[in-house]
Amino acid sequence: MNSLLFLIVMNSKVIIKSVEGSLAGQEFEFNEPVICMIGRAEDCRIVLPDSSENKGVSRHHCLLDIVPPKIHVRDLGSSNGTWINEMNIASLSDLKNGPARNHTQRDSVLKDGDRFRVGKNLFEIHIFSFFGEMDHPGTAHLEKSEAFVQTFVDSIPSSVSEKADFFNSPCGYCGKDLSYWIHVKKEDKAVCPACQNNPVQIARFLTEEAGEKTLASIQGYTVKKILGEGGMGVIFLLQHKREKDRLLVLKLMKPHISSDEISRKRFIRECWITQFLKHPNIVRQYDHTCYEGYVFFTLEYCNLGDVQQWMNENTGSLPVMESVQVISQALDGLHYGHTFEFDYPSDEGTLIQVRGLVHRDIKPSNILLCGTTTNRIAKLADFGLAKALNQAGLSNCTKTGSSAGTPAFVSRKQLLDFKHASVQSDIWSLAASLYFMICGAYPRDFPENMDPFLVVAETEPLSILKRNPAVPVSLAKVIDAALRDTGESAFSSALDFKKALEEAF
């Protein structure tokens, strides 16, 4: 079938221009994913002077989640709200009932030309996208107009039998009419949007298509069950048709995540390096590819699930000794990832040096377990995935702040300087996971009436002994030190933290 040409975003940047107030005339340019806080606090990325002119501005007033060309704004519970095009994104009921700080957070998408106000400061959004043409494989995830359908039909070579009969045929999976929706699987089969966006049908489609030349890593496998689902993807357990003890994990990125070809290619490029991570405490990635517009990974199967599931099965917390053993193993994997070295060829033919990867999204559900219940082996999952998603512009931008990570397991430093998330950020997240495993509670309290990212920005972690007085004092000191969120980090490497845990315990 002839491919169609689409205009697709090649590169983008966002410029925030201050047009009124303390910073009038200044511009802030962003061409990479970043979390940008605005407020009076000195640790904000855009700092508004702490003066009488800005008395209506909170210390951490609002958060911008920028993944060019997308930009979201989130009011962090400020007393006077954040105004977009002269409308407060706090609801009228919030304003009547008192400060917006006492209500759930508000999110809003910003578009080119939009203006938003913080106190007396007015900012203007300018979004620049650079376009180029490329071949598109003919996969569509969006509704098409009748005119587009006709154009698509006309592009099919005459060798394809009766075009009208082909496109009037029902969906190959559910039998629905395909009058205004097109997704071609083969020349003799079409699939409706509901099925092409249904993860189970997509997984079955991929395994059905698997052959020696395409999707070879899942050839001979069939979908056994769903293991889990998150904001980015759905995880399936595959079983070999003949050798039933051969199990494989298929992680399928949701269609809205892999919506355009350029982003998919960037994502695949960023993830390519992770298949070379080979360590007993990192989940092994066998393959990753894009087929018919769908991005997926194949991974090793961890038979005991993840730490969060283990906690749920164990009344919400875990014994101290077992928790420390699991985190110590995870720290081995983390150190390997942080010190990993690899050279790979660029598009220009030169070698690009990779010296260490930062995870950016460590939490109990990303620590998988295998082995037996008396001898658990911990493995870090999704190593490098958060960075790859952001570099490809595929972060979950439907929810402001989501690209920064899970608030309960994110350090203040990572939130306020997301672009430069470091080794210490990962160590903090793993220490927070250990705290959670032992106590069944997060290091910080997250009141329902306070934005979780504001909690991270303005409150300190609570000493673990206040949550669980039974924790050995020597161990508590190490965990508290690892969770210190201001000043210099207590541990310069994952191995330093592991050694301190072993000595304390």
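**Figure 1. Contacts and overall make-up of the protein chain.** In this predicted model, residues 24 or more positions apart account for 61% of those contacts in the protein chain that have a separation of 6 or more. The chain holds 15 helices and 22 strands, and of its 505 residues, 51% count as buried.

**Figure 2. The largest nonpolar core and the elements that supply it.** This core has 53 residues, and among these Leu334, Ile479, Phe497 and Leu501 touch the most other members. At least two residues of the core come from each of the helices H7 (307-312), H8 (320-339), H11 (423-439), H14 (473-482) and H15 (494-504), and likewise from each of the strands S19 (341-345), S21 (367-372) and S22 (375-380). The largest share is that of H11, with 11 residues. When residues up to four places away in sequence are not counted, Phe497 touches Leu331, Ile427, Ala431, Val478, Ala482 and Phe491. Another core, of 24 residues, lies apart from this one and includes Phe28, Val34, Ile89 and Leu110.

**Figure 3. Two helices of the core, H8 and H11.** At 1.5 Å a residue, the 20 residues of H8 should span 28 Å, and the C-alpha atoms at the ends of H8 are 28 Å apart, which agrees with the expected value. The buried residues of H8 include Val324, Ile327, Leu331 and Leu334, but also Ser323, Ser328 and His338. For H11, with 17 residues, the expected span is 24 Å, and the end C-alpha atoms are 25 Å apart, which again agrees. H11 is mostly covered, since 15 of its 17 residues are buried. Just after H11 comes Gly440, which takes a positive phi of about 70°.

**Figure 4. Strand S16 and the two strands that pair with it.** Strand S16 (residues 247-253) is largely enclosed by the rest of the structure, because 6 of its 7 residues are buried. Strand S15 (residues 233-240) runs antiparallel to S16 and is joined to it by 7 bridges, and the two strands form a hairpin with 6 residues between them. Within this pairing, Val234 stands opposite Leu252 in S16. S16 also pairs with strand S18 (residues 294-299), in the antiparallel sense and over 4 bridges, where the bridge partner of Leu250 is Thr298 in S18.

**Figure 5. The surroundings of Lys224 in strand S14.** Lys224 lies in strand S14 (residues 221-229), and with a relative accessibility of 47% it counts as partly exposed, because that value falls short of the 50% that an exposed residue must exceed. Leaving aside neighbours within four places in sequence, Lys224 is in contact with Leu237, Leu238 and Gln239. Arg204 is 20 residues from Lys224 in sequence, and the C-alpha atoms of the two residues are 10.0 Å apart in space.

**Figure 6. The cavities of the model.** Rolling a probe the size of a water molecule over the atoms shows where empty space is left. A search of the whole structure finds 4 cavities of 30 Å³ or more, and about 160 Å³ of space lies in the largest cavity. That cavity is lined by 14 residues, of which Thr274, Gln285, Leu299, Asp382 and Phe383 are the closest to its centre.

**Figure 7. A cis peptide bond and two residues with positive phi.** Most residues other than glycine have a negative phi, and most peptide bonds are trans. The peptide bond from Pro68 to Pro69, however, is cis, with omega near 5°, and Pro69 has its place in the loop between strand S5 (62-67) and strand S6 (70-75). Asn85, although it is not a glycine, has a positive phi of about 50°, and this residue is found in the loop between strand S7 (83-84) and strand S8 (87-88). Arg360 also has a positive phi, near 80°, while being a residue other than glycine, and Arg360 is found in the loop between strand S20 (351-355) and S21. Asn85 counts as partly exposed at 42% relative accessibility, whereas Arg360 is buried, with a relative accessible area of 11%.

Terms used: Residues are numbered from 1 along each chain as its sequence is written. This is a predicted model: local features need pLDDT of at least 70, side-chain atom pairs count only at pLDDT 80 or more; totals for chains, interfaces and linings use all residues. Side-chain values use heavy atoms; hydrogens and water are left out. A nonpolar core is a set of buried Ala, Val, Leu, Ile, Met, Phe, Trp, Tyr and Cys residues joined through side-chain atoms within 4.5 Å. Buried means under 20% relative accessible area, exposed over 50%, partly exposed in between (1.4 Å probe, protein chains only). Contact means heavy atoms within 4.5 Å. Two strands pair if DSSP finds at least two bridges between them. The expected span of a helix is 1.5 Å times one less than its number of residues. On a 1 Å grid over the protein atoms alone, a cavity is a set of points where a 1.4 Å probe fits but cannot get out, and a pocket is an open set with protein on both sides within 12 Å along at least five of seven lines; lining residues have an atom within 4 Å of a point. Grid points are joined across faces, edges and corners, and a volume is the space filled by probe spheres set on the points.
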